Amino acid sequence: MPRISDLSYFCLSPGKVTMYTPRTTTMIGLGGGAVLAVAAAVALPSGTPRTVAISPAAAAAAAGDTAPLPGVSFTMKSEPVPADALRQLDAMAANPDRGMTRQPNLAAAAAGAGNGLSWKSECGSNDAVMAVDAKVTLGAWCFDNGDKSSQYWIPQGVAISRTEQLDGVVLSWYHRHKEGDDWVTDGSRITVGTRPRVQAKGAYQPVTLAIPTATADGKLAFKDVSPAAPPTGSVTTKGVAEAKQHQGGTALAGDFLYTASTSGLRVYDIRRTYRVATGKNILGVGDDGKFYAHNEKYALFQTAAFSPENAGSCPAWDKVPDAQNQDLCFSTVSYDPTTSPKSLLTAEFKTAGGVTSARPMRVVRWPLNADGSLKTDASGRVKSSVVYGTNLTKVQGVSGYHSGTGDTIYYNTSNGASPGSIYSDRDGDGNSPFHLVGPIGGESLAFDPYSGGDRVWGVTERPGQRMLYWIYRKEMQKPGMP
């Protein structure tokens, strides 16, 4: 299987673009839509460099890379689930008649996984990763059951953990139903399982996500997790989920699971995972007095939500924010254990027209405490540690790696029914992102620190072409990068 030495990349000079196989060449100048346009128009050779003329306009538009935005920061404020609702949940779970057993983490749910994954060689035409598989070392699995082609459950986020809380993988999904000609998002879940082994089958267990709340008279009630305020406006990509994306990414850090919900982050304390009764497709207590979570064996309850304190809210995907420090979107989230303190990364999905050189897509780093909770002050506010800008569009996933004095950021971008793109960029180096062909329908990314070679995991979303996969981190970047 080809390794990184088989990849080709671009170097830009005024009026031309030269394609190289990796040796000692430095990439300069390509960025954002210009990369996408050139990559789509020119095949990547594996032999000697070739030079292709491009227009002066394309060369001028290519400037820019991932770089910190001076003076830009964001603050999020916590909106905790009412303490009284959590106390009532505890009391209900303590009642044996409810059929609820509280778990210390997600490990038991993962250990009991039954749904199946198959190694890539058994996936046939269900292969969203064929193009990238020809370029890098790649592990990949397709879904065996109805999740393979379901129009109703759509995978979005991926998280990797090698801890006692979970030694495995988490995927976030959203559920939708048809109302006339429109799809309406109405619920969410995660699935958990051990990491599948190379050339072997894997398994995963669904876990319903829910919010404990209270009625007007103070009685405990429950809500499905659904989008708070999905952006409106035109969507130019042909992927499944961009129009009303939520649970667009997930991250597991210590005792806390995070999901990106367009307008902010949702927080779940995994110590509030419960084994529940099955046999009824309801959320709450049935006529028999037992608690059900849409016929799944496990439920995980939200404990807080974080929203940005900035003027405005997440705009349409093709609308430029009012300012660099306003109108922030949370399209994806991932956990970065390489920073000190450890952190979360969030990024925005933007289509053509949604960014400019002065108002780029933002990648934001949020600091964490040692237990995985966001590092808030006494008022429940957390401030970003750094905000990066990039002109890349259609970013579905982001991951980070900190070393020395800088960060390397990895991006997954979508391209409808065609292979997307994977980019990596060292922050502030003045060079454009390194480009690699990506999967079809690629979504979120997750960094996996592994002694055999760091990996970055991803998941694809298109019905009939859904796959969980990983790539060695160093094969996603230019030779010589940390």
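Trainee: Before we get to Y423, what makes two strands count as a pair?

Mentor: DSSP has to find at least two bridges between them. Keep in mind that this is a predicted model.

Trainee: Okay, so how do you know that strand 27 and strand 28 pair?

Mentor: Strand 27, residues 419-426, shares five bridges with strand 28. The cut-off is at least two bridges, so they count as a pair. The sense is antiparallel.

Trainee: And which residue of strand 28 is the bridge partner of Y423?

Mentor: That's H435.

Trainee: What is the order of the strands in that open sheet?

Mentor: Four strands line up as 25-26-27-28, with antiparallel pairing. Strand 25 (395-403) and strand 28 (434-440) each have a single partner strand, so they stand at the edges, and one side of each has no neighbour in the sheet. From one strand to the next, the twist averages 20 degrees.

Trainee: Switching to R362, in which strand is it found?

Mentor: R362 belongs to strand 22, residues 361-367.

Trainee: Why does R362 count as buried?

Mentor: Its relative accessibility is 1%. Buried means under 20%, so R362 qualifies.

Trainee: What makes the link between R362 and Q324 a polar contact?

Mentor: The R362 side chain reaches the backbone oxygen of Q324 at 2.4 Å. The limit for a pair of N or O atoms is within 3.5 Å, so the distance fits.

Trainee: How much of the whole chain counts as buried?

Mentor: Of its 482 residues, 57% do. The chain has five helices and 31 strands.

Note on methods. Residues are numbered from 1 along each chain as its sequence is written. This is a predicted model: local features need pLDDT of at least 70, side-chain atom pairs count only at pLDDT 80 or more; totals for chains, interfaces and linings use all residues. Side-chain values use heavy atoms; hydrogens and water are left out. Axes are lines fitted to C-alpha atoms, for helices over the stretch in contact, and angles run from 0 to 180 degrees between N-to-C directions. Buried means under 20% relative accessible area, exposed over 50%, partly exposed in between (1.4 Å probe, protein chains only). A polar contact is a pair of N or O atoms within 3.5 Å; within protein, one must be able to donate a hydrogen and the other to accept it, and residues adjacent in sequence count only if both atoms are side-chain atoms.
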